[in-house]
Amino acid sequence: MTAAFDTDLLEKVLRAVRQIRPEHTDPGPDTDFRDLGLDSLDRLALVVAVEQATGIPVPDRALSDAATPADLARRLPAIIERSTPMDQEFPSRSPSPELGWIDDGARAGEGTRLWHQAQIADGAVVGASCTLGKGSFVGSGSTIGDHVKIGNYAGVFGASVADEAMICPGVLLLEDPAPRATTPDGQRKGPDDWTRRPVTINTGATIGAGAVIAPGVTVGAHALVALGAVVLRDVPAYGLVIGNPARQVGWVCRCGHTLDPSLRCTTCWRAYRRDGDELAAESQAVPLE
């Protein structure tokens, strides 16, 4: 190692790695992230875990350049002095071009961070330890759980999003099944002139970048919607859907990787079973010889 770092900080990074990859019970400080099976989505989850454990916002360059837990830990101390504490209450700050906005009548839980120009509208509720990316919007009536990540310029309109879900950049969760600017008599539409059909995103699901979820659709727990998909019907738990209109093409593990034909994950070795049209977690299996 060429540079010193805080050993307590390193331990928090290693703990976060174990949280993301529980099968690696004792990752070393110099173990390559690739050897730990951390793909791009896993690295985003690692960022959230490290930020929650340390209170240090991790810049993109630190994660993209870091190759090992020790390497990541070395890159964090230099930014401690100018970091924003994770538990700072953003509602107490006045709106500014450098921060997000929490409107009067909106709520955000402890540890939730808003990046530039993110907005939580009046009547929306966001849970604890969430991250809202630059330019993202959470509309009135939306309910966001804990540990949710909403990417840059995503639009959440009245949706219910459960804990640990990931809404990637540019996603649209829509709620108006008959969108018009005016009523049939030419008057501007108001809140009482349309019926909401909100989207439901269940625990741990991921909605890929640029995807559009139609009003009333439910995405099951730990499902994965591919980037750019247009989803017009419900997605089962652990389902993988892709295309326009989206169709199910397979199943994914809780870790985000696709399952083989026997419904096993070849990355983290979890096993699943069919329960009618649904999938249920069965066990964490042992790699085959």
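A contact here means heavy atoms within 4.5 Å. With that cut-off, 27% of the contacts between residues at least 6 apart in sequence join residues at least 24 apart. The model is a predicted one.

**Whole chain**

Start with the full cartoon, coloured by secondary structure. The protein has 4 helices and 23 strands. Of its 289 residues, 45% count as buried.

**The seven-stranded sheet**

Select strand 1 (101-102) and strand 19 (230-231). These two are the ends of an open sheet of 7 strands, paired in parallel in the order 1-4-7-10-13-16-19. Strand 1 and strand 19 each have a single partner strand, so one side of each is left without a neighbour in the sheet.

Inside this sheet, pick residues 172-173 and residues 212-213. They are strand 13 and strand 16, which run parallel and are joined by 2 bridges. Show L172 as sticks: the residue opposite L172 in strand 16 is V212.

**The six-stranded sheet**

Next select strand 2 (107-108) and strand 17 (218-219). They belong to a second open sheet, of 6 strands, with parallel pairing and the order 2-5-8-11-14-17. Strand 2 and strand 17 stand at the edges with a single partner strand each, so one side of each has no neighbour in the sheet.

For a pair within this sheet, take strand 5 (residues 125-126) and strand 8 (residues 143-144), which run parallel with 2 bridges between them. V126 of this pair stands opposite I144 in strand 8.

**S136 and its surroundings**

Centre the view on S136, in the loop between strand 6 (131-132) and strand 7 (137-138). Is S136 buried or exposed? Its relative accessibility is 1%, so S136 counts as buried, the cut-off being under 20%. The side chain of S136 reaches the backbone oxygen of G133 at 2.7 Å. Now display what surrounds S136: leaving aside neighbours within four places in sequence, S136 is in contact with Q117, A118, Q119, I150, G151, Y153 and A154.

One of those contacts, Y153, is the next stop. Y153 sits in the loop between strand 9 (149-150) and strand 10 (155-156). Most residues other than glycine have a negative phi. Y153 has a positive phi, near 60 degrees. With a relative accessible area of 48%, Y153 is partly exposed.

**From Y238 into the hairpin**

Move along to Y238, in the loop between strand 19 and strand 20. Y238 is not a glycine, yet its phi is positive, at about 70 degrees. Y238 counts as buried because its relative accessibility is 10%.

Then select residues 239-243 and residues 246-251, which are strand 20 and strand 21, an antiparallel pair with 5 bridges. The two form a hairpin with 2 residues between them. To check the register, show G239 with its bridge partner W251 in strand 21, then V241 with its bridge partner Q248.

What kind of peptide bond joins N244 and P245? The bond is cis, with omega of about -5 degrees. P245 lies in the loop between strand 20 and strand 21.

Strand 20 also has a parallel partner: 2 bridges join it to strand 18 (residues 224-225). The bridge partner of L224 in strand 20 is L240.

**The largest pocket**

Turn on a surface and find I20, A45, E164, G204 and R254, which lie nearest the centre of the largest pocket among its 32 lining residues. The space in this pocket comes to about 810 Å³. Helix 1 (7-20) and helix 2 (40-54) are the elements that give two or more residues to the lining.

Which element supplies the largest share of that lining? Helix 2 does, with 7 residues. Coloured by residue class, the lining of the largest pocket divides into 17 nonpolar, 9 polar and 6 charged residues.

**P29 and P69**

For the last stop, select P29, in the loop between helix 1 and helix 2. At 28% relative accessibility, P29 counts as partly exposed. Add P69 and draw a distance between the two C-alpha atoms: they are separated by 5.2 Å, while P29 and P69 are 40 residues apart along the chain.

Note on methods:
Residues numbered from 1 in each chain as written. Predicted model: local features only at pLDDT ≥ 70, side-chain atom pairs only at ≥ 80, totals over all residues. Heavy atoms only, no water. Pairing = 2+ DSSP bridges. 1 Å grid on protein atoms, 1.4 Å probe; cavity = no way out; pocket = protein on both sides within 12 Å on 5 of 7 lines; lining within 4 Å. Points joined across faces, edges and corners; volume = space filled by probe spheres on them. Nonpolar A, V, L, I, M, F, W, Y, C, P; charged D, E, K, R; others polar. Buried < 20%, exposed > 50% of the residue type's maximum accessible area, 1.4 Å probe, protein only. Polar contact = N/O pair within 3.5 Å; in protein donor to acceptor, adjacent residues only side chain to side chain.
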